[in-house]
Amino acid sequence: MAYDHRHPVLSSLGKVGQSSGEIDNVEEPLVPVEFKNSENFSARAAILPFLFPALGGLLYGYDIGATSCATISLQSASSSGISWYNLSSVEVGLVTSGSLYGALIGSVLAFNVADFLGRRRELILSALMYLVGAIITGLAPNFAILIIGRFISGTGIGLAMHAAPMYIAETSPSKIRGQMISLKEFFIVLGMVFGYSIGSLLVEVVAGWRYIYAANTAIASVMGVGMWWLPSSPRWLLLCAIQRKGNMAELKEQAISCLHRLRGAVIGEKASEEVDEILEELSFLGESEEASIGEIFQGKCLKALIIGAGLVLFQQITGQPSVLYYAPSIFQSAGFSAAADATRVSILLGLLKLLMTGAAVLVVDRLGRRPLLLGGVFGIVISLFLLGSYYLFLGNVPAVAVVALLLYVGSYQLSFGPIGWLMISEVFPLRLRGRGLSIAVLVNFGANALVTFAFSPLKELLGAGILFFIFGLVAILSLVFIFFIVPETKGLTLEEIEARCL
C-alpha cells in the first residue's frame, strides 16, 4: 500500500502564544514560497528501517525485565551454580544498576562520536556492545567480570537509546513519524515482558541467570546484521554534504539512493526532488556551519534542550521507578493470589503497558503530542495523590492503591513513556541533534539513577505517603511545563519543526 502525502506550503514563522501549542501567523517567511514538500512512501518499505533500530529498545526492555529474575537466580544457594552467590546488598545493586551506569557512559560517548559515526554506524556499535556484554555476563567466572559485562551491555543501551530515535525520526515519513518512534517505546515494553517471561521460566534452572543474560545474543546479532544492511540516514549524509565533509555530488547521490531504499519504488523520481528540498531547507535554516559545543546552550538548541531534557527529567522525577517498586506489595495487600509472585505481577503490568503504549501509537499522529502529554500527566497527578492518600489515610481500602497503580501505569504509557522519546528525537536542529539528544539521554539515565538511589532513604525519612505526595506536586509542575513550553510537532517535517517551533 502506498501513500502520497503532501504538506501545505508554509509561509509564516510560528510565534509562541499563550501556550506553546498555539502558533500565530506573522509575515516573516518560513521557507521560500515556491518550496513544496512531498513524501511518497511504501508502508512495506518503512518496516525494516524502523524494526532493526527498534530492536535496540527491545534489548533495553529485556535487560530490565530479565535482571529482576536473574538477581534471584544469582543469589540462590541451590540454583545459582556458583560459589560466590552470597552477595551483599551493594553487590546486588551493582548487578541491577550496572547497565544503567553503563548507559550513562554510552550517553557521554555518544556526545563525542555521534555526528562522526552517523546514526547507522552508532547502532551497529550498540549491537556489538549488547552482544559482547551479554556473552561476558553469561560466561562470567566471578563477580568482577559479571559487572564488567553489565557495564558493556549498558554502554550499548546508551548508544541505542541515543541513535535509534534519531535514525527512525530522520528516515520516517513525517506522516507516520510519531507512530514509528512511539512504537520504539512499545518495543521497550515488549522487551520487558519478554524478559520477565524468559526469566520466570529459567529462574529455578541451575545457573539460570547465565541463560537469562545470554538469551539476548540472538536479538543483538539480528540488530547488528540488520543495521549493517540498512542505508545511512539521508539527512545525516546531506548534513555532511552541506558542511563540506565530503564531495557534495557524491553525498547527494548517496542520499538519493538511500531514500529509494527507505521509501520503496513508489518514490520514483521524487527522491531527487525531496533531497533538493531538504538541502534547500538546511541552507535556509543555517545548517551549513559545523556546530560548536557552546551553541548547544544558545538560541534554538537551548530551547530544544529545555524542551527535550525537561521532558525526560520529568519522565523520571515524577516517580516512575518508585511506583513500580511498590507494585507487588500493593497487589498482595489487595488479596490477589498472583501478588506473592513478583514476576507474575510484573508480567501483568507489562501487558497493561503494552496495551496503553499501543493505544498511544495509534493516536499520536492524529491527536498530536500535546494532548497525550497533558491528558496522561493529569492522570499521573491523580494517581500519585491517590497513592499518597492510601499510605497516609486509606490503608484499609487497598482497592484505592490498585486503581491508582493501574491509572499511573496506563497514564505514563500514554504520555511520558512514548512521547518523551518522540519529542527529543524531533526538536533538535539537525547539526546539533547528535549532541543535543545525547545530553537529553544522559539526563534521562542520570535522573533514573538518582531517583532509584534516593528512593529508599527518602522513604525511610519521609514515609511512602509523603513521598508520593511530593511526586504528585512534581507532576503538577510538569503539567505547567508541558502547557507553556512544549510545542506541537504533529505533521511537521523535522526542518519545519526547527523553523516553526524553535
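**Exercise 1. State whether E426 is buried or exposed, then find its salt-bridge partner.**

Step 1. E426 has a relative accessible area of 0%, so E426 is buried. Buried means under 20% relative accessible area, exposed over 50%, and partly exposed in between (1.4 Å probe, protein chains only). This is a predicted model, in which local features need pLDDT of at least 70 and side-chain atom pairs count only at pLDDT 80 or more, while totals for chains, interfaces and linings use all residues. Residues are numbered from 1 along each chain as its sequence is written, and side-chain values use heavy atoms, with hydrogens and water left out.

Step 2. The partner is R177, with the closest N and O atoms 2.8 Å apart. A salt bridge is a side-chain nitrogen of Lys or Arg within 4 Å of a carboxyl oxygen of Asp or Glu.

Step 3. R177 lies in helix α5 (residues 177-202) and E426 in helix α17 (residues 416-426), so the pair ties together parts that are 249 residues apart in sequence. Helices (H or I, at least four residues) and strands (E, at least two) are DSSP runs, numbered from the N terminus.

Step 4. R177 has a relative accessible area of 1% and is therefore buried. A network of salt bridges links R177 and E426 with D365 and R369.

**Exercise 2. Locate the salt bridges of R119 and of E274.**

Step 1. The count of salt bridges comes to 11. One of them joins R119 to E170, with the closest N and O atoms 2.8 Å apart.

Step 2. R119 is in helix α3 (residues 119-139) and E170 in helix α4 (residues 143-171), so this pair ties together parts that are 51 residues apart in sequence. Both R119 and E170 are buried.

Step 3. E274 meets R263 in a salt bridge at 3.0 Å, N to O. Because E274 lies in helix α10 and R263 in helix α9 (residues 248-263), the pair ties together parts that are 11 residues apart in sequence.

Step 4. E274 counts as buried at 3% relative accessibility, and R263 is buried at 1%.

**Exercise 3. Describe the nonpolar surface patch and place F297 in relation to the helices.**

Step 1. The patch covers about 850 Å² and is made by I293, F297, L302, I306, L473, I476, V480, F483, F484 and I485. Patches are made of residues with over 30% relative accessible area and no salt bridge: like charges are joined within 9 Å, nonpolar side chains (Val, Leu, Ile, Met, Phe, Trp, Tyr) within 5 Å. Accessible areas come from the Shrake-Rupley method with a 1.4 Å probe; for residues, only the protein chains shown count as cover.

Step 2. Two elements give two or more residues to the patch, α11 (299-317) and α19 (464-485). The largest share, 6 residues, comes from α19.

Step 3. F297 sits in the loop between α10 (270-284) and α11. At 48% relative accessibility, F297 counts as partly exposed.

**Exercise 4. Name the residues that touch the most other members of the largest nonpolar core, and list the contacts of M161.**

Step 1. This core has 96 residues, and M161, L311, F416 and F445 touch the most other members. A nonpolar core is a set of buried Ala, Val, Leu, Ile, Met, Phe, Trp, Tyr and Cys residues joined through side-chain atoms within 4.5 Å.

Step 2. Leaving aside neighbours within four places in sequence, M161 is in contact (heavy atoms within 4.5 Å) with G56, G57, Y60, K184, I188, W421, L437, V441 and F445.

Step 3. For the protein as a whole, 59% of the 502 residues count as buried.

**Exercise 5. Examine A207: what is its phi, and is A207 buried or exposed?**

Step 1. A207 has a positive phi of about 60° although it is not a glycine. Most residues other than glycine have a negative phi.

Step 2. A207 lies in the loop between α5 and α6 (208-214). Its relative accessible area is 12%, so A207 is buried.

**Exercise 6. Decide where the coordinates call for caution.**

Step 1. The mean pLDDT (the predictor's confidence in each residue, from 0 to 100) is 82, and 85% of residues reach 70 or more.

Step 2. Among the elements, strand β2 (residues 15-16) has the lowest mean pLDDT, 36, and helix α7 (residues 217-229) the highest, 96. Over residues 1-38 the pLDDT is below 50, although this stretch has 92 contacts in the model beyond near neighbours in sequence.

Step 3. Where pLDDT is low, the predicted coordinates should not be read in detail.
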